[in-house]
Amino acid sequence: MKKLFALILVIAMIASVAALAGCSNSGQTAETTADGGNDTAADKTYIIYSDNAYAPFEYLDEASGNYVGVDMDIMAAVAEDQGIKYEIHNEGFDASMGAVQSGQADAMIAGMTITDERKETYDFSEAYFDDGQVIVTKPDSGIASLEDLKGKTVACKTSTVGGEYGESIKDQYGFEIHYYEGSDTMYQAVLSGADVACIEDYSVIGWAIQSEGVALSIITEPVNVKGYGFAVKKGENAELLELFDKGLANIKANGKLAEILAKYGL
Ligand code: ASN
């Protein structure tokens, strides 16, 4: 009986040691996800989030099943130039912001406008493109100016500068805002008549109209024109941001960035 008790005790001790070892292991795994743990830049695979329906910056190429676009090409060119290993997750704009803020992502590249307000929570690379926002309607909507939006609803995309612009003028022009998660669902809302107009970045809606045949028209000149940048959470991933900026400077100097923009008609 004593022997059996001793044996059970030994088994119990082994089990608890094994459990402890398991704990510390999983602790380490969790640490090495997005914020890097002790990995050096050379062996770390960075997690980069992006939008998923924001052509020509990032969109699904149905034929290949891959996400393509300006941001995808810039990321690849910068990574090649600086030897950065990365994985892209095309999850949407608001989701990308959330992932960077929570530490699930190391950075995002998503046609993201560099604004003073965002600089309070993100550190940005140098700009690689400039754009501003326009008002977009159906050609036969009878809406020809901001004044015509009175009493109507306007579609905006969650967490974007288009939404910020809408919020800044909605009281003056007397319209309400409906929010959508994606640029595609926002356009759909205007096409279906759920909302009379939407607010989008000029080059993005320009591409949708010209290259995808989306039957919408632009009725205003771009406003709040600012640069697009690669972003990390403020105070985090300084090493990655520095590598990105070095690579960006190189692809600006050697003509690669101009080539990428030209490939998408920008
Ligand atoms: N240009 C948009 C913004 O910065 C980004 C987007 O919709 N992907 O808010």
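## Exercises: the ligand site in a predicted model

The shell around the ligand has 5 nonpolar, 3 polar and 4 charged residues by class. The model is predicted.

**Exercise 1.** Identify the residues around the ligand and sort them by class.

*Solution.*
- Step 1: List the residues with a heavy atom within 4 Å of the ligand. They are Asp 51, Tyr 54, Phe 93, Ala 110, Gly 111, Met 112, Thr 113, Arg 118, Lys 157, Thr 160, Val 161 and Asp 201.
- Step 2: Sort them. Tyr, Phe, Ala, Met and Val count as nonpolar. Asp, Lys and Arg count as charged. Gly counts as polar. The totals are 5 nonpolar, 4 charged and 3 polar residues.

**Exercise 2.** Where does the ligand lie relative to domain 1 and domain 2?

*Solution.*
- Step 1: Take the bounds. Domain 1 is 46-128 + 229-263, and domain 2 is 132-226.
- Step 2: Check the shell. Both domains give residues to it, so the ligand lies between them.

**Exercise 3.** Find the polar atoms that face the ligand at 2.8 Å, then state how much of the ligand is covered.

*Solution.*
- Step 1: Start with ligand nitrogen. A nitrogen atom is 2.8 Å from an N or O atom in the Asp 51 side chain. A ligand nitrogen atom is also 2.8 Å from a polar backbone atom of Gly 111.
- Step 2: Turn to ligand oxygen. An oxygen atom is 2.8 Å from a polar backbone atom of Val 161.
- Step 3: Add the cover. On its own the ligand has 280 Å² of accessible area, and the protein covers 100% of that.

**Exercise 4.** Describe the largest cavity and say what takes its space.

*Solution.*
- Step 1: Search the whole structure. There is 1 cavity of 30 Å³ or more.
- Step 2: Give the volume. The largest cavity has about 70 Å³.
- Step 3: Inspect the lining. It has 14 residues, with Tyr 54, Phe 93, Gly 111, Thr 160 and Val 161 closest to the centre.
- Step 4: Place the ligand. The space it takes is the largest cavity.

Terms used
Residues are numbered from 1 along each chain as its sequence is written. This is a predicted model: local features need pLDDT of at least 70, side-chain atom pairs count only at pLDDT 80 or more; totals for chains, interfaces and linings use all residues. Side-chain values use heavy atoms; hydrogens and water are left out. A residue is near a molecule or strand if one of its heavy atoms lies within 4 Å of it. A polar contact is a pair of N or O atoms within 3.5 Å; within protein, one must be able to donate a hydrogen and the other to accept it, and residues adjacent in sequence count only if both atoms are side-chain atoms. Accessible areas come from the Shrake-Rupley method with a 1.4 Å probe; for residues, only the protein chains shown count as cover. On a 1 Å grid over the protein atoms alone, a cavity is a set of points where a 1.4 Å probe fits but cannot get out, and a pocket is an open set with protein on both sides within 12 Å along at least five of seven lines; lining residues have an atom within 4 Å of a point. A molecule sits in a cavity or pocket if more than half of its atoms lie within 2 Å of its grid points. Domain bounds come from an automatic or database domain assignment. Grid points are joined across faces, edges and corners, and a volume is the space filled by probe spheres set on the points.
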